[in-house]
Amino acid sequence: MSEREFFCDDGSDDDGVTCPHCMGDRTVNCYCAGDFCICDNFGDADCPVCHAEGTVTPEREARYLKNLAEQRELLRELFASPRPATPENG
Ligand SMILES: [Zn+2]
Ligand SMILES: [Zn+2]
């Protein structure tokens, strides 16, 4: 008899990592969200990143995080650039 080593074994074969988009919830807020959901999802939608799996491959996670960083960078540039003057008559 061999002693069991302490392994975190959750019984899953895939080597996925927790989805960084839904944090493993497998669902995310749908875009219309909440009580007035118009897409029949009742406020929840299948996570588009992990496709309701809750886990993604490490490659996909890396790509997701990279996209996120790029989006943040884009937003920062947007906010940093001076806004064109718009008339506010109204
Ligand atoms: Zn997900
Ligand atoms: Zn909805």
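This report describes the fold of one protein chain, its helix, and the loop between its strands β1 and β2.

The structure is a predicted model, in which local features need a pLDDT of at least 70 and side-chain atom pairs count only at pLDDT 80 or more, whereas totals for chains, interfaces and linings use all residues. Residues are numbered from 1 along each chain as its sequence is written, while chains are lettered from A and ligands numbered from 1 in the order in which they are written.

**Overall fold**

The protein chain contains 1 helix and 4 strands, where helices (H or I, at least four residues) and strands (E, at least two) are DSSP runs numbered from the N terminus. Along the sequence these elements come in the pattern β-β-β-β-α. Of its 90 residues, 7% are buried, a word used here for a residue with 20 or more other C-beta atoms within 10 Å of its own, whereas exposed means 12 or fewer and partly exposed means in between, with C-beta atoms placed from the backbone. Two residues are in contact if their C-beta atoms, placed from the backbone, lie within 7 Å. Among the contacts in the protein chain with a separation of 6 or more, 53% involve residues 24 or more positions apart.

**The helix**

Helix α1 covers residues 58-80, and its 23 residues reach 33 Å from the first C-alpha to the last, close to the 33 Å expected at 1.5 Å a residue; the expected span is 1.5 Å times one less than the number of residues. The number of buried residues among the 23 of α1 is 0, so the helix lies largely in the open.

**The loop between β1 and β2**

Four residues of this loop are compared by their surroundings in the table.

| Residue | C-beta neighbours within 10 Å | State |
|---|---|---|
| P20 | 16 C-beta atoms | partly exposed |
| M23 | 11 C-beta atoms | exposed |
| G24 | 16 C-beta atoms | partly exposed |
| R26 | 16 C-beta atoms | partly exposed |

P20 touches E61, Y64 and L65, when residues up to four places away in sequence are not counted. Although P20 and L65 are 45 residues apart in sequence, their C-alpha atoms are 7.9 Å apart in space.

G24 lies in the loop between β1 (17-18) and β2 (27-29), and, again leaving out residues up to four places away, G24 touches T18, C19 and G54. The C-alpha atoms of G24 and A52, which are 28 residues apart along the chain, are separated by 8.6 Å.

Two further residues of the loop have a positive phi although neither is a glycine: M23 has a value of about 55 degrees, and R26 has one of about 75 degrees.
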